[in-house]
Amino acid sequence: MELWKISLDKYNTNDNKKYETLFTLANGNRGLRGALEFSSKGNRGNYIAGIFDKSQSQVTEIVNLQDPLGFNIYIEDEKVDIDECDLYSFKRELDMHNGVLQMKFIATTKKGKSVEIKCERFVSRNKTSRWAAKYEITPLNFDGKVFIENYIDGSVTNSTWDVMNKTKHFKVKNIYDSNPGIALTIETNDNNIKSIELTTLMGENNKGNIFKNRRYSEFGEVVSEVYETFMSEGKTETIVKYGISISDKDIRSDLIAEGTKELKDFIKEGYEAEVEAHSNIWRKIWDEIDIKIQGDEKAQIGIRFNLFQLSASAYAGDTTVSIAAKGLHGEGYKGHVFWDTEVFMLPFFIYTRPDVAKALLMYRYNTLNGARENAAITGYKGARFAWEAADDGLEVTPKWGVDYDGNAVRIWTGDEEYHINSDIAFGIVEYYRATNDKEFLVNYGIEILLDTAKFWQSRVEYNKGNDRYEISSVIGPDEFHEHVDNNVFTNYLAKWNIEKALFFKEWLKTEDNVNYKVLCSKLGLNEEDFNMWETMTEKMYIPMSEDGMIIEQFEGYFDLEDIEIEEYDENEMPVWPDFKGNKLGETQLLKQADVAQLMIMLPEEFSEAVKKANYEYYEKRTMHKSSLSPSMYSIMGLAVGDRHNAYKYFMKAIYTDLEDNQGNTDFGLHAAAAGGSWQSAIFGFVGLRVNKEGVLNINPWLPEQWEGLSFNINWKSSRIGISISKDKIEVDSTCEATVIIYDKSYLISDKKQLVVAR
């Protein structure tokens, strides 16, 4: 079971923020950062997906809600504070198989009283409003009074660590004494969304209730209840803290009445029943998502961490929310949704949990009106999806930030990073290709494809002199270079986006002609537009080298100062080279995969020779200053035969947060790196791809230390299990399907396991 656990064996207060992220517990609806109850050091976080507010902050951001984790132990008049006490036998573990966070330690107070404390906590995947913690407390050298405090803190702010941007996004509306139990209701400043936290303590042993006296208190925006009990040396007492978190985003009835009922039901059903139901769901999820790596324990633990936290960030129960760049794990990027979701995370859900993938795409459909407003505001037609999105789809990218030297800089991504439109179109096509979900495509997907194509029609520019269509002043995935013309990633995917809109427009005309006519009327499209689209796809400009082998990242890129990377740090990440007097944007250095990213997304569009040439050219110029980058170079390396670097990049990707190799895990999960980790394993080492004919291809290569790799995927109506060892490939399927292995076609079914020698 050690391969299912992330462990911390030594306490260091300076690591609290990082481990709050690593030990976050989430269920797709809400996330609780892995804060230590017995330390005040860190950045506590309680987030409900979809609750955003602007108030005094620069832009709309996810709200850090009231903190329900408050729990103190007082031995007589001394508080158990692990930053003040002498600490022994400290250990925290995230049990990923069961979705439970555990901790145990021995603390000795300044007066010499020692106590052993064991804790566990979970955020339920069974009933998403529930969470709970269990504490086992054992006095080691004393008998005496012990006071247990349960509290909810409503004084929480966002950006607590950033005094110039610290913002309180809610007002405390009501504080309740439920006796037993306490509750605190807040209301967001802008949209008046209400949220309530209810908690209560239950302490029982074989004689029944262990609490003797209770004191209820209100301290401004903090509500507290303290229980007095008596504990004996060597005797363990167990206390359970039950919690309920709900908001009127989903429940329109009286929150206190609804919450009180839910809390009573939770207590009645009991901690053990709920944690077991919760863990059973996690085990079922693992049956769908797990990747088993034999022979490489570090890789096994690392990939499971990424799969666990990515799965924890989404669920199928809410089509109005998506996955933020930092998950539900912190305030980094203000809880905004980027292209990360469709390009890096969505493929994982498409092939493992397609119902969740559909919900994530429905978020884009449900914010389509916001995308249309973005287009109109900026003078374009159709739908322009926000580079950074929150609750309504309107653009919420900050206008200002700081550079690597701490200087204020203008952020242009919200103005110029248009490729988000095509990224969402890519997600829709990938989802349909793997699931054959016609209902989604007919009722939602094609509308987005057509409206994004309509945007491109208004955005591209015709160059009469060269008889071609261009897109000027953009930013591609490589954000080191701004205001560039004809970025290939942008141009190529815009062309592809329009091509897919035309293809599925024709498909819909045959499949559901009435809906086709309705959509054309709704979106103001006719054959004149479609003819224009055809011309645009034929004449879209794609800059490249004279021999056609190296695709020029953008027009003029080859004219920049060519500086290669020569030095790497202890994490094998590139060290900044000498710019030779140039500014960063005047060099060919890249932030992340750009041309390589395009070739991974559309592998059938490029020859093997072109892929190899571009990988070799761009890899030595990429700084990987985005966590999105290493996994993509792993996949690309495997595609072109660079197997040594592929494993290196894979390990960088899966340990992005566990080793904090980007230096900002404190602020939340690198969710795109988590999705990229799955892609690196499955699209990279397994070589899984879908060809132009829509057939699954497998072309595996395993690192030398790997004895085997096995996983499951969903493919249309089938569930396919694939196991790869050093000498064979085994494939099981629940339905009949065709698969190509090493360029040879096989028919698989539930009748017989397919075995292919390697």
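Two strands count as paired if DSSP finds at least two bridges between them, and that cut-off underlies the description of the sheet given here. The model is a predicted one, and this briefing takes up two of its features: an open sheet of 5 strands and the second largest pocket.

**The open sheet**

- The 5 strands follow the order β21-β28-β29-β30-β33, and their pairing is antiparallel.
- Because β21 (291-294) and β33 (754-757) each have a single partner strand, they stand at the edges of the sheet, and one side of each is left without a neighbour there.
- From one strand to the next, the twist averages 15°.
- Strand β30, which spans residues 728-733, pairs with β33 in the antiparallel sense over 4 bridges, and Glu730 has Val755 in β33 as its bridge partner.

**The second largest pocket**

- The volume of the second largest pocket is about 810 Å³, and its lining is made up of 38 residues, of which Ala639, Phe683, Gly687, Leu688 and Arg689 lie nearest the centre.
- Elements that give two or more residues to this lining include the helices α5 (340-352), α9 (420-435), α14 (595-601), α15 (608-619), α16 (629-640) and α18 (671-685), together with the strands β26 (689-690) and β27 (696-698).
- Helix α16 gives the most to the lining of the second largest pocket, with 5 residues.
- By residue class, the lining of this pocket divides into 21 nonpolar, 8 polar and 9 charged residues.

Terms used: Residues numbered from 1 in each chain as written. Predicted model: local features only at pLDDT ≥ 70, side-chain atom pairs only at ≥ 80, totals over all residues. Heavy atoms only, no water. Axes fitted to C-alpha atoms, helices over the stretch in contact; angles between N-to-C directions. 1 Å grid on protein atoms, 1.4 Å probe; cavity = no way out; pocket = protein on both sides within 12 Å on 5 of 7 lines; lining within 4 Å. Points joined across faces, edges and corners; volume = space filled by probe spheres on them. Nonpolar A, V, L, I, M, F, W, Y, C, P; charged D, E, K, R; others polar.
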